[in-house]
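User: I would like to learn how to read strands, sheets and burial in a model. Please take one feature at a time.

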Amino acid sequence: MGMCVLDSAESVFCRADIISTVEFNYSGELLATGDKGGRVVIFQREQESKNRPLSRGEYNVYSTFQSHEPEFDYLKSLEIEEKINKIRWLPQQNAAHFLLSTNDKTIKLWKISERDKRAEGYNLKDEDGRLRDPFRITTLRVPVLMPMDLMVEASPRRIFANAHTYHINSISVNSDHETYLSADDLRINLWHLEITDRSFNIVDIKPANMEELTEVITAAECHPHQCNVFVYSSSKGTIRLCDMRAAALCDRHSKFFEEPEDPSSRSFFSEIISSISDVKFSHSGRYMMTRDYLSVKVWDLNMENRPVETYQVHEYLRSKLCSLYENDCIFDKFECCWNGSDSAIMTGSYNNFFRMFDRNTRRDITLEASRENSKPRAMLKPRKVCTGGKRKKDEISVDSLDFNKKILHTAWHPKENVIAVAATNNLYIFQDKIN
Amino acid sequence: MEYKVEAHRIMSISLGKIYNSRVQRGGIKLHKNLLVSLVLRSARQVYLSDYYGGVCLNAQHVEAKEWELMDGDQEKLIPASEESLPSTTACDQTEAAEVPEAPQPEETDSSLAVEGPEDPCEAVEGPEDTSSTEPQAEQESSSSVDSTCDVSVPSPVVSEPQCEAKQATVSSLDCETDANLAMSAEGNSHQPPKAHSCSNRKRSAEKKASHGSPVKRTKVTSSNADEEEAEEMDTSNVSNLITIFGSSFSGLLSKDNSEPEAETDESDSGSGQICCDQMLKNLNPWNTAIVAF
């Protein structure tokens, strides 16, 4: 794949709340977003039609529902936020769509189904729904299905609760399509999609003495093909790959990925910036990608001592770590994603910038997701941050970056060059220009 | 020195973050607070490194070595049971307060802990407010902390029966997800001056690097030891903690000019000389403790 040339925002959706997760489903037809208010909004891609050739690929709202509500844990005097931390789709098995959504404590399985027919002609009730007097019914009729306006319903099918003491940061559906894992700061549980009252604890890094705690789990993911393998990343910048066949409790890793720290770059904040915020397997299952504060690293699962590729996302921030610590930006958890063919990776940055790296050509591009710069059908202009010396025209200096405009969540269509970028409370969808 | 000012500033900011985390929605975030505590620890190391370099010349050699070892060996903390004997003195500052020096203070603590939680929070706030920087107040602090801890930790935590009081103290204070209370008066517990760098180094000199970091790791909510089914993210003692920090820091700032006082922790004695002496005094009891185990 050559460098991706992006077209423009096909649809911009404004939410009152900040978007906290974005995820395409397996076919790319649906795009789900979760926000801080506990709502899930699902977009559906318009089918191609001869009547409106230019509308191909537009995503429109398909369904909106309240997934999680704020809760209060009376026993611990803790408020549980309704913010959706992650959404993961299940592979589609019938006409309905299923997804898992989670907040800090509870995971829910939602069924999203369409209803475009309604049965009419019931015997025991009339059209208004009022019950008919059975003694007055003299004939029987068979109810008939009549078309109606399309209605998309979301209903919670399973609620997986009370299994996590700490805050859930990840969920991942297994390739067996029957189980999934959920990870919090110290533990990882394995669930069966049908069973809500039990889960297996497969990783537990909580020390007997909490004073000895030195690292927490930051992300976890199941291998895309091997249902017995999963990885989890830590706040210390390490990744552990575990094999569930080896033991019931996978505290002992099968592989341990860590890059030795560069002692020359040590600072007060070295530990913070090495904390991994996201880990994603490549579609092939051969590689995995990790995101820490300043870089993205691609690891070959067969090589544990260092990544095979490292991409600097915004190295110019290294000298600003103290300010970023003060304003809490250093704790931002950026996600990363692969394109469908694993040839490119994408991640977000500040000032509504997001970055894409082509693994083959080693070229990278910085783009901006903002209303001013994105008229529909317009081409996105590459951006550049001036890191020192004289600022060229069109460049932006580091000091004028807006650190409140951060792109933490991005998603790439599994098959096409369509990307979804969440910029605070706006969702941007870009797609490749069709020549 | 510039870097000391910077380190001090970072410590203040870190403490502010720890304080604010308790009022944030959704409960205390373990990950963020762990990271903040790491920064706090690093800043503290830098801040203290020069101070002790000049003052404790004798120990410096060993300290420097142990410091590096400790830096990397965070995981190898000796289980509490092995270090139940608190041999610290005032040198360890307020943390020592939590860590009763000898059996007597321990018993006092126990009794206080047993006394029960009539109004732990309030009881704690008072003494801690005034006493955080005074060596004499250490006892008060510890007692107040203990009573606090009593409430927050319903069941005596963990292993060491002999250190029960201390442990309880620790866990209660530990209730905070962050607060690498290295500095903290929280009494980093049974392992004496985890927080206090000076004595820490001393200890490590004897006990190898197993102490790992001088700073307390993230403390997550209490009751972790016993009640596995009912793990809580209990943060009831954060306020106490913050009060300790608050007062200690203001005390620190006021005495900024006098070098010996420039301790990140609720500093105890004034001069470095005294500190050193006390540290050396500690040495022997600690030696004994180690031999015993």
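User: Through how many residues does a hairpin join β16(A) to β17(A)?

Analyst: This is a predicted model. In it, six residues form the link of the hairpin between β16(A) and β17(A). The strands themselves cover residues 217–222 for β16 of chain A and residues 229–234 for β17 of chain A. Their pairing is antiparallel and runs over five bridges.

User: Which residue in β17(A) is the bridge partner of A:Glu221?

Analyst: A:Glu221 has A:Val231 as its partner there.

User: How is β17(A) joined to β18(A), and what lies in the turn?

Analyst: These two strands also make a hairpin, with four residues between them. A:Gly237 sits in that turn and has a positive phi of about 85°. The pair β17(A) and β18(A), the latter spanning residues 239–243, runs antiparallel and is joined by five bridges. One position to locate is A:Ser233, whose bridge partner in β18(A) is A:Ile239.

User: Which residues of β17(A) lie on one side and which on the other?

Analyst: The general idea is alternation: side chains in a regular strand point to the two faces of the sheet in turn. In β17(A), one side carries A:Val229, A:Val231 and A:Ser233, and the other carries A:Phe230, A:Tyr232 and A:Ser234. Both faces are covered, with each of these residues buried.

User: Why is β17(A) described as largely enclosed by the rest of the structure?

Analyst: Buried here means under 20% relative accessible area. Six of the six residues of β17(A) are buried, so the strand is largely enclosed by the rest of the structure.

User: Where else do both sides of a strand hold buried residues?

Analyst: Look at β30 of chain A, residues 409–412. A:His409 and A:Ala411 point one way, A:Thr410 and A:Trp412 point the other way, and all are buried. Four bridges connect β30(A) to β31(A), residues 418–423, in an antiparallel arrangement. Within that pair, A:Ala411 is opposite A:Ala420. The hairpin from β30(A) to β31(A) passes through five residues.

User: What is the strand order in the open sheet of four strands?

Analyst: The order is β2-β3-β4-β5 in chain A, and the pairing is antiparallel. At the edges are β2 (19–24) and β5 (59–66), each of which pairs on one side only. From one strand to the next, the twist averages 20°. Inside this sheet, β2(A) and β3(A), residues 30–35, share five bridges in the antiparallel sense. A:Phe24 has A:Leu31 in β3(A) as its bridge partner.

User: How many helices and how many strands does chain B have?

Analyst: Chain B has eleven helices and zero strands. Its pattern along the sequence is accordingly written α-α-α-α-α-α-α-α-α-α-α.

User: What share of the residues in chain B is buried?

Analyst: Of the 293 residues in chain B, 63% are buried. The chain has an accessible surface of about 10,000 Å², and carbon and sulfur atoms account for 55% of that. For contacts, take pairs of residues at least 6 apart in sequence: in chain B, 77% of these join residues at least 24 apart.

User: How many disulfides does a search of the whole structure find?

Analyst: A disulfide is a covalent bond between the sulfur atoms of two cysteines. The search finds zero over all chains.

User: Are A:Cys322 and A:Cys329 buried or exposed?

Analyst: A:Cys322 is buried at a relative accessible area of 15%. A:Cys329 is buried too, at 3%.

How values were computed:
Residues are numbered from 1 along each chain as its sequence is written. Chains are lettered from A and ligands numbered from 1 in the order in which they are written. This is a predicted model: local features need pLDDT of at least 70, side-chain atom pairs count only at pLDDT 80 or more; totals for chains, interfaces and linings use all residues. Side-chain values use heavy atoms; hydrogens and water are left out. Buried means under 20% relative accessible area, exposed over 50%, partly exposed in between (1.4 Å probe, protein chains only). Two strands pair if DSSP finds at least two bridges between them. Axes are lines fitted to C-alpha atoms, for helices over the stretch in contact, and angles run from 0 to 180 degrees between N-to-C directions. Contact means heavy atoms within 4.5 Å. Accessible areas come from the Shrake-Rupley method with a 1.4 Å probe; for residues, only the protein chains shown count as cover. A disulfide is a pair of cysteine sulfur atoms within 2.5 Å.
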